[in-house]
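Colleague: I should like to understand the terms used for this model. May I put some questions to you?

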Amino acid sequence: MSDPRDTPSAIAGQTVVLRPTTAAHVPVFLEILGHPEIAKWWGGYDLERVRRELLGPHGFAIELAGEPIGLIIYREEPDPDHRHAAMDLALHPDQQSQGLGCDAMRAMARYLFEVRGHHRVVVDPGAGNERAIRSCARAGFQRVGVMRRYERSADGTWNDAVLMELLREEF
């Protein structure tokens with residue numbers, strides 16, 4: 001298992017490139033996360049939260065032709081008996097429905113399996129986010145179940161999420 005400080009300079013997908021996040025990505029991330037179509041799923045991201053949660057060794061900008069169009073982050077469960085990774089992704093609405101999110105998820109899953117040594121990767125799109133659920137399925141993730149009242153939205157209501165997973169041997 002490699003050290004998270006050994007973050008690669010880039011992870012190549014078929015079309016997109018994932019690059020470690022830097023302070024230069026903050027304005028783009030704020031723009032993306034503030035877009036109404038994204039904010040309903042990623043509500044509550046201000047400058048400090050973006051800096052705190054999206055910058056660092058587990059955060060990557062999704063780039064298309066050298067321009068950031070989204071972000072992808074991962075988390076790892078360190079307990080050796082439950083070790084796995086989870087990822088989240090946000091893609092600017094102008095770049096959706098082109099297979100770019102699917103490409104980014106597959107590139108990140110490959111990194112998590114081959115470099116970070118995980119056997120399982122999970123995603124948890126909102127139960128009402130059909131576009132994200134379809135994209136995750138195209139990337140190879142299988143629906144496992146629904147996590148009820150899993151995540152609080154920007155308006156304070158609790159919403160269900162779909163638990164989806166991809167096993168290394170299925171990748």
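Colleague: What makes a residue of the protein chain count as buried, and what share of the 171 residues does so?

Modeller: This is a predicted model. A residue is called buried when its relative accessible area is under 20%. In the protein chain, 41% of the 171 residues count as buried.

Colleague: How do you know whether the radius of gyration of the protein chain agrees with that of a compact globule?

Modeller: For 171 residues, the value for a compact globule would be near 16 Å; the protein chain has 15 Å, and therefore the two agree. Along the principal axes, the C-alpha atoms fill a box of roughly 40 × 35 × 30 Å.

Colleague: What makes a set of residues a nonpolar core, and how many residues has the largest?

Modeller: The members must be buried residues of certain kinds, including Leu, Ile, Met and Phe, joined through side-chain atoms within 4.5 Å. The largest such core has 30 residues, and Leu-18, Met-108 and Phe-141 are among those with the most contacts inside it. Helix 4 gives the largest share of this core, ten residues. A second core, separate from it, has 13 residues, including Phe-29 and Val-50.

Colleague: Which residues does Met-108 touch, leaving aside those up to four places away in sequence?

Modeller: A contact requires heavy atoms within 4.5 Å. Met-108 touches Ile-11, Leu-18, Phe-60, Ile-72, Tyr-74 and Met-87.

Colleague: What share of contacts between residues at least 6 apart in sequence joins residues at least 24 apart?

Modeller: In the protein chain, that share is 60%.

How values were computed
Residues numbered from 1 in each chain as written. Predicted model: local features only at pLDDT ≥ 70, side-chain atom pairs only at ≥ 80, totals over all residues. Heavy atoms only, no water. Rg over C-alpha atoms; globule rule 2.2 N^0.38 Å. Buried < 20%, exposed > 50% of the residue type's maximum accessible area, 1.4 Å probe, protein only. Helix = DSSP H or I, 4+ residues; strand = E, 2+ residues; numbered from the N terminus.
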